[in-house]
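Morning, everyone. Please pull up the structure on your screens while I get started.

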Amino acid sequence: MLLGPPGAGKGTQAHRLQDRFDGVALISTGDIFRQNLRQGTPLGEEAKRYMDAGELVPDDVVVRMVSDALADQPGGFILDGFPRTVAQADALESELERSSRPLTGVLALALDDEAAVKRLAGRRTCSSCQRTYNVELHPPRREGVCDACGGELVQRDDDQELTVRRRLDVYHASTAPLVEFYRERGLLREVDADGSEDEVTSRALDALGETADRH
Ligand code: AP5
């Protein structure tokens, strides 16, 4: 599981870790909402109201959605952006206990708020595979085009500075308490997210007990 404030690099590292571990599914709640929004589903419409305001989508909606996603993925998985409240973490714990699939590690990516704001202002996301780039810090090889799949790169509606600052406030109030929640369970692995993408991946793998050159 990847935990951390908006802009810490959860999505970036989730894709990198998925590339290293064969057959592991990636479940990103933000990506599922955005996919629903593009498809014009009622779930997407409902989520948009909260996302555009920088608020959290209600727990019952998210928990049901992740439960369905986990049921579709019988093997290993990486969670990005879930859980985000203690209620979601409790629901996940019960769900994983029921299916005998315990969590093996929680990577808490740490980054200060001003660095996060800077990263999100320059973020561009592939509309096809959801990989992220940054116009200043990590530009694609061809402007506006995803290196991995050739998809179109777009800017997210919720990356306006005011919305980003609200998302950071919501993170500190509702999600940061999960750091203690998982520390108490012996699952927490803290990772300094200030560094290059390669450095952060290497720290994440070390924290998980893997070596960076395993694959
Ligand atoms: P979500 O899509 O999950 O957004 P978030 O948590 O705010 O996180 P971000 O995607 O903004 O950042 P990230 O940490 O993934 O960073 P990234 O790798 O992209 O959620 C969006 C909304 O959906 C929420 O606000 C909420 O409304 C709703 N939602 C989702 N899950 C929910 C839940 N469980 N409950 C309720 N509501 C929910 O990187 C950011 C930028 O930095 C990129 O440009 C990247 O290229 C760059 N970058 C990454 N790493 C580095 C590095 N090491 N050095 C330099 N640049 C870097």
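Which helices and strands each supply at least two residues of the shell around the ligand? They are α1 (10-20), α2, α6 (113-121), β6 (132-134) and α9 (197-207). Helices here are DSSP runs of H or I with at least four residues, strands are runs of E with at least two, and both are numbered from the N terminus.

Some ground rules before we go further. This is a predicted model, where local features need pLDDT of at least 70 and side-chain atom pairs count only at pLDDT 80 or more, while totals for chains, interfaces and linings use all residues. Residues are numbered from 1 along each chain as its sequence is written, and side-chain values use heavy atoms, with hydrogens and water left out.

Now the ligand. It has 35 residues around it. A residue counts as near when one of its heavy atoms lies within 4 Å. The closest are T12, E55, R84, R123 and R167. Which element gives the largest share of the shell? That is α2, with 4 residues.

Let's look at some polar contacts, meaning pairs of N or O atoms within 3.5 Å; within protein, one must be able to donate a hydrogen and the other to accept it, and residues adjacent in sequence count only if both atoms are side-chain atoms. A polar backbone atom of K10 sits 2.9 Å from an oxygen atom of the ligand. R156 uses its side chain: one of its polar atoms is 3.1 Å from an oxygen atom of the ligand. At E197, a polar backbone atom is 3.4 Å from a nitrogen atom of the ligand. How much of the ligand does the protein cover? On its own, the ligand has 1000 Å² of accessible area, and the protein covers 96% of that. Those areas come from the Shrake-Rupley method with a 1.4 Å probe; for residues, only the protein chains shown count as cover.

Next stop, α9. Its residues V200, T201, A204 and L205 are buried. Buried means under 20% relative accessible area, exposed means over 50%, and partly exposed is in between, using a 1.4 Å probe and protein chains only. Why do we say these four share a side of α9? Because they cover an arc of only 135° around the axis. The arc is taken from the directions from the helix axis to the C-beta atoms. D198 and D206, on the other side of α9, are exposed.

What do the buried residues of α9 pack against? They pack against α1, β4 (106-110) and β8 (188-192). Contact here means heavy atoms within 4.5 Å. Zoom in on T201. Its relative accessibility is 2%, so T201 counts as buried. Leaving out neighbours within four places in sequence, T201 is in contact with Q13, R16 and R20. Just after α9, look for G209, with a positive phi of about 85°.

On to α4, residues 59-71. How far should its 13 residues span? At 1.5 Å a residue, the answer is 18 Å, and the end C-alpha atoms are 18 Å apart, which agrees. The expected span is 1.5 Å times one less than the number of residues.

In α4, the buried residues are V61, V62, M65, V66, A69 and L70. Their arc around the axis is only 160°, so they lie on the same side of α4. The other side of α4 has R64, D68 and A71 exposed. The buried residues of α4 pack against β2 (25-28), α2 (29-38), α3 (42-53), β3 (77-80) and α5 (86-98). Take V61: not counting residues up to four places away in sequence, V61 touches L43 and E46.

Over in strand β2, find S28. A polar atom of the S28 side chain lies 3.2 Å from the backbone nitrogen of D31.

Last, the loops. Between β3 and α5 we have P83. F82 and P83 are joined by a cis peptide bond, with omega of about -5°. S100, in the loop between α5 and β4, has a positive phi near 50° and is not a glycine. Q130 is not a glycine either, and its phi is positive at about 75°. Is each of these two buried or exposed? S100 counts as exposed, at 60% relative accessibility. Q130 counts as buried, at 11%.
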